[in-house]
Amino acid sequence: MAYQLDSRNFSGKRVLVRVDFNVPLNEQMQVTDDTRIRAAAKTIKKIIGDGGKAILMSHLGRPKGGPEDKFSLRHIVPNVQSVLGVPVHFAEDCIGDKAASVVNAMKNGEVVLLENLRFYKEEEGGDEFFAGRIAENGDVYVNDAFGTAHRAHASTAVIAKFFPTDRLFGYLMEDEVQNIDRVLNSNQTPVTAIIGGSKVSSKIAIIDNLMDRVDNLIIGGGMAFTFIKAQKGKVGSSLVEEDKLDVALDLLVKAREKNVNLLLPTDALIADKFAADANTDSCGVGAIPDGWMGLDIGPASVESFKEVILRSKTILWNGPMGVFEMEAFAKGTIAVAEALAEATKNHGAFTLVGGGDSVAAVNQFGLAEQVSYVSTGGGAMLESLEGIELPGIAAIRK
Ligand code: AMP
């Protein structure tokens, strides 16, 4: 079965599209970042361009299982209209008569946005009866919500069974799946993964999965200190997860066994408090004085990480090298972002940035356009890197 949007023409069809329009709103209920709406535009335009009817459904925020005005998708209608360049009709419910009457009045090439799916607790509960009721709104189901693909909710996974031969991936979903596959199963070697961020505990499964897939594994950020301390380094008051010291040692052994070149920082930028105006210094990563903490990788680490990045053909980056939100501790993260951009430009390396803070970092440094792909899904991306087949993806392929 072909799951690709391009394999179909949607003329005259009611196409029910699960999008991720969970966008941030300010106090005046205005959208402050429309990235997620823009990310779904290509799929919606293909459907209406074919002369199909695009019925959009999404969640927004975390309502408590009933309607709440501040979580109404009505607020985002003007933004969806301006991104798509066509009028968008709004249905005050995602199921039942209120949805049906708006959907039934649609002409070919029109767009309807249904009200927030999470006004029903059955959405997150993955309720099959509820999924069936949403399914009544469409002839074809398209999932383009990569950001929620790791959730087995009614609209992201359970609903697929109501469309046994008419369920497809949207373009965004297809891109995300293909690009993650391109780094996890690459034959463009050397393959390098750069993992950073605060806690090793949240990245153990990822590091474990990457061991079988990469040549180089660079570990930076706060989590590196658990590895340094596990090897008897002095880390001062740097972030350490004491209960993960054994896990860190196991990962180091595993890397050796699997012939993975695992790089840890050799030096650190240290501070006498966790603050932008702290006194700073640099020192060996395992020789941090008491009362000081490592808040960024040091210059020697930057050079050794860069050297590996610049000779890699496939590169995955997740997690900052330091507390990049404070200018004083952003240098390591900036250097890694710039090295990725350089590898992409100089020798056509495939570079993927994914997962929360590294995405924020490339955006903040204005480098998002200079890497091959920036993933839109935080949790979904991380679970993919753990090697888990996401429920939203499995449901389409089943
Ligand atoms: P995570 O959510 O685990 O990906 O971690 C991202 C956060 O890690 C960012 O907010 C960074 O400020 C923080 N971080 C990175 N390096 C350090 C460090 N050396 N010490 C404390 N926090 C850090």
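Helices here are DSSP runs of H or I with at least four residues, numbered from the N terminus. With that in hand, let's look at the empty space in this predicted model, starting with a cavity that gets its largest lining share, 3 residues, from H1. H1 also gives the most to the lining of the largest pocket, with 5 residues. The domain assignment splits the protein into domain 1 (5–170) and domain 2 (186–385), and that largest pocket takes at least three lining residues from each of them.

**How the domains sit**

- The C-alpha centres of domain 1 and domain 2 are 37 Å apart.
- Where the two domains touch, 4 residues of domain 1 are in contact with 8 residues of domain 2.

**The largest pocket**

- This pocket comes in at about 960 Å³, and 37 residues line it.
- If you want to find its centre, look for Thr35, Arg36, Ser375, Thr376 and Gly377, the lining residues that lie nearest to it.
- Four elements each put at least two residues into the lining: helix H1 (35–49), helix H6 (171–184), helix H12 (356–364) and strand S17 (373–374).
- As for chemistry, the lining breaks down into 17 polar, 11 charged and 9 nonpolar residues.

**The second largest pocket**

- Here the volume is about 520 Å³, with 34 residues making up the lining.
- Gly197, Ser198, Lys199, Gly222 and Pro320 are the lining residues nearest the centre of this pocket.
- Strand S14 (293–297), helix H8 (224–230) and H12 each contribute at least two residues to the lining, and S14 has the largest share with 5.
- H12 is worth a second look, since it supplies at least two lining residues to the largest pocket and at least two to the second largest pocket.
- Nonpolar and polar residues come to 14 each in this lining, and 6 more are charged.

**The cavities**

- Searching the whole structure turns up 2 cavities of 30 Å³ or more.
- The largest cavity holds about 70 Å³ of space.
- Its walls are Val19, Asp20, Arg36, Ala39, Ala40, Asp144, Gly147, Leu172 and Thr376.
- Arg36 and Thr376 turn up twice: they line the largest cavity, and they are among the residues nearest the centre of the largest pocket.
- Sorted by class, the lining of the largest cavity has 4 nonpolar, 3 charged and 2 polar residues.
- The second largest cavity has about 40 Å³ of space, and its lining consists of Val183, Leu184, Val191, Thr192, Ala193, Leu210, Val214, Thr314, Ile315 and Leu316.
- H6, strand S7 (191–195) and strand S15 (314–318) are the elements that give two or more residues to the lining of the second largest cavity.
- No charged residue lines the second largest cavity; the split is 8 nonpolar and 2 polar.

**Helix H5**

- Away from the pockets and cavities as a topic, there's also H5 (residues 128–135), where Phe130, Ala131, Gly132, Ile134 and Ala135 are buried.
- The cover over those buried residues includes strand S1 (14–18), strand S2 (53–57) and helix H4 (121–125).
- At the start of H5, aspartate 127 has a side-chain oxygen within 3.1 Å of the backbone nitrogen of phenylalanine 129.

Technical notes:
Residues numbered from 1 in each chain as written. Predicted model: local features only at pLDDT ≥ 70, side-chain atom pairs only at ≥ 80, totals over all residues. Heavy atoms only, no water. 1 Å grid on protein atoms, 1.4 Å probe; cavity = no way out; pocket = protein on both sides within 12 Å on 5 of 7 lines; lining within 4 Å. Points joined across faces, edges and corners; volume = space filled by probe spheres on them. Nonpolar A, V, L, I, M, F, W, Y, C, P; charged D, E, K, R; others polar. Domains from an automatic or database assignment. Buried < 20%, exposed > 50% of the residue type's maximum accessible area, 1.4 Å probe, protein only. Contact = heavy atoms within 4.5 Å. Polar contact = N/O pair within 3.5 Å; in protein donor to acceptor, adjacent residues only side chain to side chain.
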